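Visitor: Hi, could you walk me through this one? I'd like the overall picture and then some detail.
Guide: Happy to, here it is.

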Amino acid sequence: MSADGGEANSGRRRRRRRGRRTPGSKGNHSEVSPAKSGSTPPDPAPTPGPSTSRSPQRRPRTARHGPDRLRTVHETSAGGLVIDGIDGPREEQVAALIGRIDRRGRMLWSLPKGHIEVGETAEQTAIREVAEETGVQASVLAALGSIDYWFVTEGRRVHKTVHHYLMRFSSGELCDDDMEVAEVAWVPIRELPSRLAYADERRLALVADELIDRLQSDGPAALPPLPVSAPWRRPQTHSRTRNIRPDKHAPDRKNGRGLGS
């Protein structure tokens, strides 16, 4: 074989070696294109050193799950809007409200309500809490809706849900014997939008207006059926929310829902 032929074969072998696929390359060609045979092969990918092999630093677990993190608890209550004279003229109808004094010394009017105890349904709790906080007896007619909101107390983050009912006054006289209630009163139903401290309860009062209209025009059969309520099976915490600051012109407590929610 001639020297020229040997050098040509050697050049072809070098081109073949340069064109071989590396394990991480793509494609099925074992040679580079002749037009690029004189180009410089790409540098291999750098091997990660100690400084690049570590994953990005994360926040210490103690920062997210440490002892300062508030424990979340869920509480469920029930109460109602008790109407006296619900079958009579609208201008004569009155509602039973309770008043509590906040840290600023203001009287805050709201609907009677309280925690569902073990063995009670929500309707039974509404009847009991109305009797305990206002002194009157009442029966449940229809569901008004549910309100849920969040607050922080005693080192806990509390998610509270309150089920409300439209209720008919049966008997009894108003009294404020309950130590958590500062005052009780019969309030004309037309004054509820200006007397109730919380916007979500004012919305429930509007739902009550619609239901009372149905009741008076078409009778009890026109009211929506009560939702199924099973007896409560476990004890609950009893957090107080009297320090919540209401404001008619400020956003109301979160997630207030009316009839049909």
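Guide: We can start with the whole chain and then move on to one strand and one residue in it.

Visitor: What should I know before reading any numbers?
Guide: Residues are numbered from 1 along each chain as its sequence is written, and side-chain values use heavy atoms, with hydrogens and water left out. This is a predicted model, where local features need pLDDT of at least 70 and side-chain atom pairs count only at pLDDT 80 or more, while totals for chains, interfaces and linings use all residues.

Visitor: Thanks! How many helices and strands does the chain have?
Guide: There are 5 helices and 7 strands. Both are DSSP runs numbered from the N terminus: helices are H or I with at least four residues, strands are E with at least two. Along the sequence the pattern reads α-α-β-β-β-β-α-β-β-β-α-α.

Visitor: And what percentage of the residues is buried?
Guide: Of the 261 residues in the chain, 38% are buried. Buried means under 20% relative accessible area, exposed over 50%, and partly exposed in between, using a 1.4 Å probe and protein chains only.

Visitor: Let's zoom in. Why is strand 1 described as largely enclosed?
Guide: Strand 1 covers residues 71–84, and 10 of its 14 residues are buried, so the rest of the structure largely encloses it.

Visitor: Which way does strand 6 run beside strand 1, parallel or antiparallel?
Guide: Parallel, with 13 bridges between strand 1 and strand 6 (residues 156–172). Two strands pair if DSSP finds at least two bridges between them. One position to look at is H74, which sits opposite H159 in strand 6.

Visitor: What about strand 4 and strand 2?
Guide: Strand 4 (residues 113–115) runs antiparallel to strand 1, joined by 3 bridges, and S77 has H115 of strand 4 as its bridge partner. Strand 2 (residues 94–101) is also antiparallel to strand 1, with 2 bridges; there, I83 is partnered by A95.

Visitor: New topic: where is E75, and what is its nearest side chain of opposite charge?
Guide: E75 lies in strand 1. K160 is that nearest side chain, 4.4 Å away, and E75 is buried without a salt bridge. A salt bridge needs a side-chain nitrogen of Lys or Arg within 4 Å of a carboxyl oxygen of Asp or Glu. For charge, Lys and Arg count as positive and Asp and Glu as negative, with His and the chain ends not counted.

Visitor: So which side chain makes a polar contact with E75?
Guide: That of H115, at 3.1 Å. A polar contact is a pair of N or O atoms within 3.5 Å; within protein, one must be able to donate a hydrogen and the other to accept it, and residues adjacent in sequence count only if both atoms are side-chain atoms.
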